[in-house]
Amino acid sequence: MSASLSPTPGPSTPWPVTAHWGDEGLEVGGVPVDRLAREFGTPLLVLDAEHLRRRCRELRTAFPRVYFAAKALTARRLLRLVNAEGLRVLAASGGELDACLRAGIPPSHIALHGNCKGDPEIDAAIGAGVGLLVCDHLEEIARADAVARRLGRRQDVLVRVVPGVAAGAHPSLVTGTPASKFGLPIDSGAATAGVVAAVEAAGLRFRGLHAHIGSQVLDAAPFLASVDALTAFAGELARRHGVETEILDIGGGFGITYLDEDPLDLACTGSALLERLRRAAAREGIPVPLLAVEPGRAIVGGAGVTLYRVGAVKVAADGRRLAAVDGGMSDNPRPMLYGAQHAVAPVVPARPGEASMTTVVGRHCESGDVIAEAVPLGAELVGQVLVAAATGAYCYSLSSNYNRTPRPAVVAVHGSAAQLWLRRETHDDLDRLEVTEPAATVA
Ligand SMILES: Cc1ncc(COP(=O)(O)O)c(C=O)c1O
């Protein structure tokens, strides 16, 4: 992996929009990040609030309805920020739903999806009055219907279908193929059965179709193909069953820059998709459905950088220079899960001629806990702060307490000020699940 030594904002750099070099090194939101490391400790996730707002506005302009996929990063202030910018929120579990409700997101602005929702989750969602429940399979449609009738509700639902379009940066991120564990395949009769069941259920109101083809997609073509497949299916539903698809939710997956990739252009993609949908609907002779999208990474991914402090430097037997930092796979498992790469740079650049290629490794008990290869770093490294770019999405939310490591703090920066959004976990936090009273045994 190559590291960017001079973060400059721009469409194809992984750095947040306000990132630039000041007298004290890298600044984000007008705050020198070295100062943030001293004040809040490391590892530290720093979010550029301006970046978040701009991405929300770009998406709101490009698409008629936008849900923020809370799985990318769930923090109360973040959920409030995106909702204040006119976005709704997509929850993937009872836990994310609970976070949305505690954040004060109006239930009508929340959608709940998931391929294995438990009865308590369905109960909580319908009980709270969520705007949309995304039903994954036939049995769930029956369960949701039963819950809604018991609660005296009529719940708006989308039926998740598999459009048969493959996309995504890693096999684990591809969800739209026939092998997908999510939703009902449109070409098998199962999706039609699901929609018909939802239409006939007295406790449910069928509003439309839902799909998600994959994540970190850098090309608009698979989304266009998904719109084609879904609209053709909506046409079939209209002709054969007289069912109207009011909403077409094509999911998230819009790709961002991690190293130097061209990100998906949201404005162009939005207008291409809307045009394609209009044409496909005309071809099928159906009213144009409302197009909804559910990005997570595209909103919060590039807004975040993670700060680490170098604790040790050594030369490995193979001659590589290693710098070990105070975080790693516990705060960012993406490199280990997906072979993902993040640009890494020193917060204060090395003096010219002083840098040597260094592998930045994490602190955890796994040899694969490598943060970045071949980063040009200076001679005096121990105690220095390094910054990893584009860590806002699927880092904190996929984090763990491996090696009993407390999760980092999360701060947002804006207008030369920092605001703590999530405090750093403590050893007491990690201890809170221990049962200390005499152990109850099960015979
Ligand atoms: C159904 C659904 N919607 C939206 C998303 C968000 O994807 P991304 O963060 O890549 O935009 C995901 C991610 O897994 C998803 O499964």
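This is a short tour of a predicted model, stop by stop, with what to select at each one.

**Stop 1: the two domains.** Start by colouring residues 20–48 and 301–431 as domain 1, and 113–295 as domain 2, following the domain assignment of the protein chain. Their centres, taken over C-alpha atoms, are 36 Å apart. Now look at where they meet: nine residues of domain 1 are in contact with seven residues of domain 2. On the domain 1 side of that contact you'll find five nonpolar and four polar residues, and no charged ones.

**Stop 2: strand E14 and its partners.** Select residues 304–315, which make up strand E14, and add residues 44–48, strand E4; the two run antiparallel, joined by four bridges. To get your bearings, pick leucine 47 and look across to glycine 304 in E14.

Next, bring in strand E19, residues 385–389, which pairs with E14 over five bridges, again in the antiparallel sense. Threonine 306 is a handy marker here, with alanine 388 as its bridge partner in E19.

Then add residues 321–325, strand E15, joined to E14 by five bridges and running antiparallel to it. Lysine 314 sits opposite leucine 322 of E15. Follow the chain from E14 round to E15 and you trace a hairpin with five residues in between, where glycine 319 in the turn shows a positive phi of about 95°. While you have the strands on screen, remember that side chains in a regular strand alternate between the two faces of the sheet.

**Stop 3: a cis peptide before E4.** Step back to the loop between helix H1 (33–40) and E4, where proline 43 is found. Zoom in on the bond from threonine 42 to proline 43: this peptide is cis, with omega near -10°. Most peptide bonds are trans, and most residues other than glycine have a negative phi. The next stop takes up phi.

**Stop 4: two positive phi values outside glycine.** Go to the loop between E19 and strand E20 (409–414) and select alanine 390. Not a glycine, alanine 390 still has a positive phi of about 55°. Is alanine 390 buried or exposed? Alanine 390 is buried, with 27 other C-beta atoms within 10 Å.

The other one to pick is glutamine 216, in the loop between strand E11 (204–210) and helix H8 (221–241). Its phi is near 55°, so to speak on the positive side for a non-glycine residue. Glutamine 216 is also buried, and 24 other C-beta atoms lie within 10 Å of it.

**Stop 5: helix H3 and its cover.** Select residues 76–84 for helix H3 and show side chains for Leu78, Leu79, Leu81, Val82 and Asn83, which are buried. What covers these residues? Among the elements to display are helix H2 (49–62), strand E5 (65–69), strand E6 (88–91) and helix H4 (94–103). Helix H10 (297–300) and strand E21 (417–422) also belong to that cover. Just past the end of H3, glycine 86 has a positive phi of about 95°.

**Stop 6: the E20–E21 hairpin.** Finish with E21 and its partner E20, an antiparallel pair held by five bridges. Valine 411 faces leucine 420 of E21. Two residues separate the strands of this hairpin, and glycine 415 in the turn has a positive phi of about 55°.

How values were computed: Residues are numbered from 1 along each chain as its sequence is written. This is a predicted model: local features need pLDDT of at least 70, side-chain atom pairs count only at pLDDT 80 or more; totals for chains, interfaces and linings use all residues. Two strands pair if DSSP finds at least two bridges between them. Domain bounds come from an automatic or database domain assignment. Two residues are in contact if their C-beta atoms, placed from the backbone, lie within 7 Å. Ala, Val, Leu, Ile, Met, Phe, Trp, Tyr, Cys and Pro count as nonpolar, Asp, Glu, Lys and Arg as charged, and the others, Gly among them, as polar. A residue is buried if 20 or more other C-beta atoms lie within 10 Å of its own, exposed if 12 or fewer, and partly exposed in between; C-beta atoms are placed from the backbone.
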